[in-house]
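Colleague: Could you take me closely through one part of this model, with the cut-offs behind each term?

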Amino acid sequence: MTKSAVARPGSSSARRVAAVAGAAVLAGTAAVCAPGVAYSAPLATAATATDYSDCPPLPEGVDPGRWRCEVHTAAPRLTLGSVTVKLGTITMTHAEGPMPDGSKGQVWGAMHSSATAIPGGLTGSPAGDRAAVLGLAVQPEYGGRFDAYTGQFSLRFRLLGPLLPHSCVIGADAPVDFQLKRSGPSKWVSQDPPVIEFSAYDDTFAAPAAGHCGPLTAPLNRRLGLPAATGNLLSYDASYTFKTYDQLPAKGDDKERKGGNFRADPHS
């Protein structure tokens, strides 16, 4: 996910590939339900290719024409412990550009995701698929860290099912930290709007145990093979699009567009 140069068709200039952007349609929300009672994992708000509503306010004193809001979408494949699933679409939005002193700045926007059913449910067997009460799904959530320049970001994974409390999360006490590496060159798919595809992966992260799952905590971790120090994989095929802030529609008064939480890139 670390940014690299991409040659833009028809231009001799190189363009950086961001770790965050694209469009998103949130799909694949899993339904796991007890007999006679419908249970659905919570749905996130869907974004589209032209939806920039999650663009964050800019830091004070920066040039809106040199800052861009990037909307990134991916449907990753995840191996955590003994379980492998193809996650539903993840959408992340952030802003980036030069600070007044010339350093690189970033502002986090938002993340949306949907839940994905885990085959075999709580038991890891055909019975777990047949009995809705034993259903199990996983939903990624923002873990509090995101760096578009280095490919570092953190996620937590909420576990959902009729027999689990809402507090049941992999990485509940400390999130799962990823350091994505590029799988190959980026590809410009469209110039107007700009759409760029890339692939990345991380096979070095440690997967913590699930926590705060009530009396099922221990058997659930045995079922999922957690914690797992090795053998984990995040395979990340993604795309992103962007607009500079001077191209975005007005979003209330200037106070709403300025003064967001930000940090300068420590690697610049």
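Modeller: I start from the turn of a hairpin, where D147 has Q152 in β10 as its bridge partner. Strand β9 (residues 137-147) and strand β10 (residues 152-160) pair in the antiparallel sense over eight bridges, where pairing requires that DSSP finds at least two bridges between two strands, and strands are DSSP runs of E with at least two residues, numbered from the N terminus. Four residues separate β9 and β10 in this hairpin, and G151 in the turn has a positive phi of about 80°. This is a predicted model, in which local features need pLDDT of at least 70 and side-chain atom pairs count only at pLDDT 80 or more, while totals for chains, interfaces and linings use all residues. Residues are numbered from 1 along each chain as its sequence is written, and side-chain values use heavy atoms, with hydrogens and water left out.

The structure holds eight aromatic pairs, that is, rings of Phe, Tyr and Trp (its six-membered ring) with centres within 6.5 Å, whose planes count as stacked under 30 degrees apart, edge-to-face over 60 and tilted for the rest. The rings of F153 and Y236 have centres 6.1 Å apart and planes at 55°, so this pair is tilted. Because F153 lies in strand β10 and Y236 in strand β17 (residues 233-244), the pair ties together parts that are 83 residues apart in sequence. F153 is buried at 2% relative accessible area, and Y236 is buried at 1%, where buried means under 20%, exposed over 50% and partly exposed in between (1.4 Å probe, protein chains only). F153 and Y236 belong to one aromatic cluster with F157, F178 and F205.
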